[in-house]
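Here is a short tour of how the pieces of this model pack against each other. Please keep the sequence and the structure open while you read.

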Amino acid sequence: MIKDGKEAPDPCTQVLTDLTKFLNEKRDEGCGILVMVDANESSSKEGSKWKAFLTNNALEGLHEYTLDNLPPTTRIGSTTRIDCMAATEGILQEVQAAGFRALHEGIISDHIMGRHQSRQFLWRRRSVNNSTTIL
Amino acid sequence: MTSTDPRGSKVERVEPSRRLSSQLKQCDTLALAITSLFGHDIWQPVRSGCKCFAFQNVCGIDKGLDPAPEVLEATSIYDISIFGIAEPITVFDDSITHTIDAKIKKQFGRGFISGEGRKSGYNPGGIMQLIRGRATGRHMASGTDKLGRYSWMTLRGSNTKKLCVVTAYRVVQGKGSTPKYRESTTAHW
């Protein structure tokens with residue numbers, strides 16, 4: 001960014017601006033969106049840039065949508081959930097199960113692994129029996 | 001509070017502030033909380049008709065002649081179809097990318113990674129996205145941001161439906177560091 005002429009770049013905010021632009025392009029192509037991010041900021045924090053990003057892009061936290069009981073944090077040394085999986089409404093409705101692995105599972109790291117299972121709505125062909133239109 | 005070190009000079013010992021001490025205690029408590037899993041019991045096997053998506057900040061993957069063995073092991077154990085990884089802290093040159101792709105094909109039959117970051121030197125942060133198995137057949141396009149901040153894949157479905165999966169890493173804004181220093185320490189510029 002400095003090479004591009006920005007004297008005092010703000011990468012923390014710039015990535016959200018650029019990602020919003022990219023997601024809008026994909027949305028125009030007719031894509032459902034699933035975003036998996038280490039946001040380094042909580043989506044539940046009032047006034048946070050990350051929360052504003054989710055709202056502006058019509059994204060909702062997948063685990064918040066699916067689960068009642070959430071881990072207080074996703075990283076050792078942090079007091080909030082900074083790792084996030086967020087998706088658009090159509091994708092959220094296809095989620096069958098979601099959760100977080102325990103710290104000792106997954107790959108050894110100070111972050112825990114978030115995961116979910118989604119129905120294969122994309123590649124499931126409509127059954128002939130469900131068809132109501134007979135031409 | 002003061003103490004005397006072996007050389008005889010007095011050393012000033014700074015007590016941690018009460019607020020910092022309280023925060024550390026809270027972090028310890030929260031770290032204990034995540035030693036158990038949360039959410040649905042999603043052990044293997046993945047439910048019939050479902051695909052498993054996962055995401056983790058791994059704080060660096062193994063490199064060398066046998067790169068990313070822990071990633072492939074986790075992918076296999078948890079039956080993950082699409083795995084987003086933040087901070088692999090790896091320079092994804094052609095050599096390492098081809099080696100990991102070959103390992104995925106050998107272990108799972110189909111699949112590949114899209115990794116991004118600097119192509120030489122040291123690459124802090126970065127992004128890696130892995131797709132394997134049958135989901136690979138639905139892959140339409142993939143790419144990465146030129147600054148290595150996010151990586152994406154578009155999957156094709158029936159009835160013209162499409163899914164775009166994006167893995168991203170949002171860098172922390174360093175406090176007290178100059179832009180030039182931050183540029184030298186992060187790949188996201």
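Let us start inside chain A, where the axes of helix 1 (residues 11-28) and helix 2 (residues 49-56) come within 11 Å and cross at roughly 5°. Axes here are lines fitted to C-alpha atoms, for helices over the stretch in contact, with angles from 0 to 180 degrees between N-to-C directions. Helices (H or I, at least four residues) and strands (E, at least two) are DSSP runs, numbered from the N terminus. The two helices of chain A are therefore roughly parallel to each other, a label for angles under 35 degrees.

This is a predicted model, in which local features need pLDDT of at least 70 and side-chain atom pairs count only at 80 or more, while totals for chains, interfaces and linings use all residues. Residues are numbered from 1 along each chain as its sequence is written, and chains are lettered from A in the order in which they are written.

The residues that meet, with C-beta atoms, placed from the backbone, within 7 Å, are these:

| Element of chain A | Residues in the contact |
|---|---|
| Helix 1 | A:Thr13, A:Leu16, A:Thr20 |
| Helix 2 | A:Lys49, A:Phe53, A:Asn56 |

Now for the neighbouring chain: 61 residues of chain A are in contact with 58 residues of chain B. Strand 1 (31-38) of chain A gives the largest share of chain A's side, eight residues.

Strand 4 (95-100) of chain A pairs in the antiparallel sense with strand 3 (residues 38-39) of chain B over two bridges; pairing requires at least two bridges found by DSSP. A:Phe100 stands opposite B:Phe38 in that strand of chain B.

Terms used
Parallel < 35°, antiparallel > 145°, perpendicular 65-115°, else oblique. Contact = placed C-beta atoms within 7 Å.
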